[in-house]
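The following report describes selected local features of one protein model. The sequence and the structure come first, and the description follows.

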Amino acid sequence: MKRLVNGCLVLAALFLAAPGLAQTRAKAQNVPEIPFESVPNFLKMPADVYLGESMGVATNSKGHLFVYHRRDDTRLFEFDPTGTFVKEWGQGIYGFEFAHKVRVDKEDNVWVVDEGTNMVIKFNPEGRVVMVLGRRPEPVEGVVETPAGDPPPAERYLFARPTDVGWDPQGNIFVPDGYINHRVVKYDKNGRFIRQVGSHLRGSEPYQFNTPHSLAVDGQGNVYVADRGNARIQVFDNNLTLRAIYDNVGNPWEVCISPGPHQYLFSSNSNPDANPAASWETSGEIYKMELDGRIIGKFGKAGKAVGQFQTVHGIDCRNPDEIIVSEISAWRVQKIRLRPTNTTSSR
């Protein structure tokens with residue numbers, strides 16, 4: 001872990017990743033295992049309706065669960081606290097093409113990030129679209145191809161396969177723009193550009209990204225970015241000034257910060273969705289951490305059985321003792337109950 005000491009950023013033995021290549025760093029050793037259980041048959045689907053690749057999960061203040069998934073098309077489902085299907089949101093909407101993430105803000109607005117349309121869409125609690133960030137390319141422009149070389153410079157209000165969204169206590173919006181560009185953009189609550197960190201180019205130095213894949217914001221407005229391709233979490237203050245780097249939790253696919261006076265950071269070292277057999281021995285676990293990077297423990301491993309994880313892509317940690325995870329390869333959502341342990345933090 002790298003952190004601030006007396007106001008200076010300590011970056012001992014900085015790892016330099018080859019551009020474009022996902023890197024695996026040494027993980028923390030002797031991390032305590034957190035005992036847990038998976039709630040059986042949690043989601044109750046309507047007859048003849050099935051989940052596809054489950055890309056994101058989020059709960060609102062009433063305990064309702066939203067699952068953003070993709071199969072023959074992209075769909076957003078709502079379930080009540082018992083896991084019973086309630087309704088579908090946004091069916092046939094212009095911004096749904098290739099799901100990537102769903103989040104719910106403190107006012108119960110539901111936000112979806114769609115990498116296929118390059119859009120971030122905000123629904124109010126009644127399901128009406130009230131804000132759109134980004135723009136879907138017009139069909140007459142043809143299929144948008146991933147550049148073979150360096151992409152063109154990033155634009156303030158256009159995304160190139162964005163990956164997530166988060167907010168600070170003042171309502172400012174943070175978007176990791178994630179697969180073609182490699183940056184995090186900050187907007188005000190009305191969607192006006194403020195600043196960005198990173199650029200259209202991959203990089204492995206501090207302030208650079210290689211696939212910023214997920215993002216979470218704590219109660220003080222600090223921004224935690226899952227810099228997946230560089231196998232690290234970069235932590236920024238609210239002005240996007242770098243404060244710390246945590247590089248001992250594998251390749252973070254997803255990060256989540258629980259609410260409340262004592263917040264926890266969850267980070268998933270997911271096995272790649274291509275599922276090469278060798279990856280199962282080095283990935284699959286989820287870490288529970290203090291915000292300063294100290295690891296409390298870990299749970300889970302790669303696998304297809306109940307209680308194992310098959311490429312975790314979304315985590316909801318509104319209740320840090322009962323988290324919900326969505327999985328790409330297993331086409332499922334699991335509710336995970338963590339059992340209390342007396343453990344010490346690891347570095």
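Is Thr 311 buried or exposed? Thr 311 is buried, because its relative accessible area is 0%; here buried means under 20% relative accessible area, exposed over 50%, and partly exposed in between, with a 1.4 Å probe and protein chains only. The model is predicted, and local features need pLDDT of at least 70, side-chain atom pairs count only at pLDDT 80 or more, and totals for chains, interfaces and linings use all residues. Residues are numbered from 1 along each chain as its sequence is written, and side-chain values use heavy atoms, with hydrogens and water left out.

**Thr 311 and Ser 267**

Thr 311 is located in the loop between strand 23 (295-299) and strand 24. Strands (E, at least two residues) and helices (H or I, at least four) are DSSP runs, numbered from the N terminus. Outside the residues up to four places away in sequence, Thr 311 touches Trp 253, Ser 270, Asn 271, Pro 272, Asp 273, Asn 275, Ser 326, Glu 327, Ile 328 and Ser 329; contact means heavy atoms within 4.5 Å. With Ser 329 there is also a side-chain to side-chain polar contact of 3.3 Å. A polar contact is a pair of N or O atoms within 3.5 Å; within protein, one must be able to donate a hydrogen and the other to accept it, and residues adjacent in sequence count only if both atoms are side-chain atoms.

Ser 267 belongs to strand 21 (residues 265-269). Ser 267 counts as buried because its relative accessibility is 0%. Beyond its neighbours within four places in sequence, its contacts include Ile 233, Val 249, Glu 254, Glu 285 and Tyr 287.

**The disulfide and Arg 318**

One disulfide (a pair of cysteine sulfur atoms within 2.5 Å) is found in a search of the whole structure. Its partners are Cys 256 and Cys 317, with sulfur atoms 2.2 Å apart. This pair links distant parts of the chain, 61 residues apart: Cys 256 is in strand 20 (residues 252-257), and Cys 317 is in the loop between strand 24 (312-316) and strand 25 (322-327). The link is left-handed, with -100 degrees about the S-S bond, and both cysteines are buried.

The loop between strand 24 and strand 25 also holds Arg 318. Arg 318 counts as partly exposed because its relative accessibility is 34%. Its C-alpha atom is 8.9 Å from that of Gly 260, although the two residues are 58 apart in sequence. Leaving aside neighbours within four places in sequence, Arg 318 contacts Thr 59, Asn 60, Ser 61, Val 104 and Pro 259. Two of these contacts involve backbone oxygens: the Arg 318 side chain reaches that of Thr 59 at 2.6 Å and that of Asn 60 at 3.4 Å.

**Glu 78**

Glu 78 lies in strand 6 (residues 74-79). Glu 78 is buried because its relative accessible area is 6%. Its side chain makes a polar contact of 2.8 Å with the side chain of Trp 89. These two residues are eleven apart along the chain, and their C-alpha atoms are separated by 7.3 Å. Not counting residues up to four places away in sequence, Glu 78 touches His 64, Leu 65, Phe 66, Thr 84, Phe 85, Val 86, Lys 87 and Trp 89.

**Positive phi angles**

Two residues other than glycine with positive phi are listed below.

| Residue | Phi | Location | Relative accessible area |
|---|---|---|---|
| Tyr 207 | near 75 degrees | loop between strand 15 (193-199) and strand 16 | 35%, partly exposed |
| Ala 231 | about 55 degrees | loop between strand 17 (223-227) and strand 18 (232-236) | 1%, buried |

**The largest pocket**

The largest pocket contains about 810 Å³ of space. Of its 35 lining residues, Val 104, Asp 105, Lys 106, Trp 167 and Val 217 are the closest to its centre. On a 1 Å grid over the protein atoms alone, a pocket is an open set of points where a 1.4 Å probe fits, with protein on both sides within 12 Å along at least five of seven lines; lining residues have an atom within 4 Å of a point. Grid points are joined across faces, edges and corners, and the volume is the space filled by probe spheres set on the points.

Two or more lining residues come from each of strand 4 (53-59), strand 8 (99-104), strand 12 (166-167), strand 16 (212-217), strand 20 and strand 24. By class, the lining has 17 nonpolar, eight polar and ten charged residues; Ala, Val, Leu, Ile, Met, Phe, Trp, Tyr, Cys and Pro count as nonpolar, Asp, Glu, Lys and Arg as charged, and the others, Gly among them, as polar.
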